[in-house]
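Please look through the sequence and the structure shown here before reading on. The report then takes up some backbone details, the surroundings of the ligand and the cysteines.

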Amino acid sequence: MQTDVLVLGGLSGITAGLSCRRHYPDKKVVLVRKEGTVLIPCGIPYIYGTVGGPQNNVIPDGLLETNNIELVKGEAVSVDREHKLVTLKDGETILYDKLVFATGSLPLVPPIPGVDKKNIYAIKKDFNYLDSVLDEMKSVKDLVIVGGGFIGVEFADECRKGRDINVTVIEALSHCLQMALDDEFCAEAEAKLLETGVKIMTGVKVEAFVGDEAVSGVKLADGTVIKADMVILGIGATPNTELAQKAGLELGFRNAIKVDRYMQTYTDPNVFACGDCAEKQSFFTGRPTGVMLASIATSEARIAGANLYSTVHQNCGAISVFSTIVNGRAFAVAGLTERQARQYGMNIVIGKAEAPDTHPGGMPNSTLIKVKLVFAKETGVLIGGSISGGKSIGEMVNVLSACIMHRMTADDIVKFQMGTHPALTSSPIAYPIVNAACKAVLPIRQ
Ligand SMILES: Cc1cc2nc3c(=O)[nH]c(=O)nc-3n(C[C@H](O)[C@H](O)[C@H](O)COP(=O)(O)OP(=O)(O)OC[C@H]3O[C@@H](n4cnc5c(N)ncnc54)[C@H](O)[C@@H]3O)c2cc1C
């Protein structure tokens, strides 16, 4: 087979393919991916509760068909850059003109004794694997989740839904979600999780997984053993770049593929990379960062697809915007938290505000929104924002991301003309993003 553009990977790879199609309608685009069916990765925790199974959490292939992107189901096992040839596991070969690596990431499996016991699962983005975990979970009584990041917390929340099982989250840091949120938001999220009956153990490290063939308990550093007939590992992911390395592409931070601001690899002008497998620079520091999010992956994919034959877009770096929901309360962050800004030694001003997400606040289902904004003291530029509240904050945080990307100041945000409606938003008098900025203006000027 021969193609103009060959994309390896079925998630941000789709976006890269679509972007290429938009910019270069005459090019032949082929996408190779390992799986028969691609799951929505961010929806994986919801397979175990809200959506009821992996079949309800898939990305339809229709998008590829309607955009004339040819799908090949198979695993790429070698890349010969000199001859521009990719070989698949079944022996098929594909000649390309431009190649895009979108091979993603793999879940981290910690080298803890006993980690290879039965019933210990890392979160692979694989339909059949996750379906078998769902099946196993039917007979589980004591589920232990190692890692209280957003994946672990979402799993804990979802796995209790419709199941009378003991769920314990074990987190080495002093709070769940501490890598993502400031302490006050972590405490709020933990309180919501505790309400569901999930047990949380923070500041403790797992020393071993005990049991015979299958896991029966999780041994902590202080010798305590927590009963477990299933363990889920949610401790992070690592770039999937073995194939890239074999192809001779230069790897950088945490073995991610080194790319420039155009998503072109350092090594080969005909090879691009995007998503979890590609190295990222922080928007704020310009230094490499290990953050892996679908928002970043798809942004990079749009850039990579557009830049294949001419320079269209430039990557501004990873802002890191994400949201989650714990027992009905949503938490979201764009950019830096106060803790991260202080760790970078930045001189900052904080502005905080709260308001109900309807006006009057007594409307049915009204929820209190809490906003915390972080500004650079010298310039007044917004560098981060955290929000908790109801579903609306999932989009409010995207407003903050846009403000951050365009380096808006507290002064700019004070002048925001926000659309409001009694049933849909906070009051224009109390709009918490604006009011938090208002509170920061004087301290910034002092
Ligand atoms: C449980 C979970 C929840 C998450 N929730 C969120 C969230 O709420 N918000 C958010 O922003 N991010 C979230 N993320 C992170 C997000 O899913 C990733 O950042 C995103 O999936 C990265 O996309 P990607 O295309 O780079 O990689 P991946 O999603 O890992 O996709 C890689 C693709 O490449 C294919 N592939 C790999 N090697 C080969 C090969 N040799 N040949 C052919 N195909 C190959 C794979 O099969 C796969 O299709 C979550 C992740 C997980 C695991």
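N119 is buried, because its relative accessible area is 11% and buried means under 20%, exposed over 50% and partly exposed in between, with a 1.4 Å probe and protein chains only. This residue is found in the loop between β10 (105–107) and β11 (120–122), where strands (E, at least two residues) and helices (H or I, at least four residues) are DSSP runs numbered from the N terminus. N119 has a positive phi of about 75° although it is not a glycine. S320, in the loop between α7 and β23 (321–326), also is a residue other than glycine with a positive phi, near 70°, but S320 is partly exposed, with a relative accessible area of 22%. A further backbone detail is the cis peptide bond that joins H359 and P360, with omega about 10°; P360 lies in the loop between β25 (348–356) and β26 (368–376).

The model is predicted, so local features need pLDDT of at least 70 and side-chain atom pairs count only at pLDDT 80 or more, while totals for chains, interfaces and linings use all residues. Residues are numbered from 1 along each chain as its sequence is written, and side-chain values use heavy atoms, with hydrogens and water left out.

Around the ligand there are 32 residues, the closest being S12, E35, K125, D276 and A294; a residue counts as near if one of its heavy atoms lies within 4 Å of the molecule. The table lists polar contacts, that is, pairs of N or O atoms within 3.5 Å.

| Ligand atom | Protein partner | Distance |
|---|---|---|
| oxygen | N or O atom in the side chain of E35 | 2.5 Å |
| nitrogen | polar backbone atom of A76 | 2.9 Å |
| oxygen | N or O atom in the side chain of K125 | 2.6 Å |

Taken alone, the ligand exposes 990 Å², of which the protein buries 92%, as computed by the Shrake-Rupley method with a 1.4 Å probe. Domain 1 (5–34 + 74–106 + 238–306) and domain 2 (120–235) both give residues to the shell, so the ligand lies between them; the domain bounds come from an automatic or database domain assignment. Among the elements, α7 gives the most to this shell, with three residues.

What is the count of disulfides? With a disulfide taken as a pair of cysteine sulfur atoms within 2.5 Å, the count comes to zero. C277 is in no disulfide, since the nearest cysteine sulfur, that of C274, is 6.3 Å away, and C277 is buried, with a relative accessible area of 0%.

Definitions and conventions
Polar contact = N/O pair within 3.5 Å; in protein donor to acceptor, adjacent residues only side chain to side chain.
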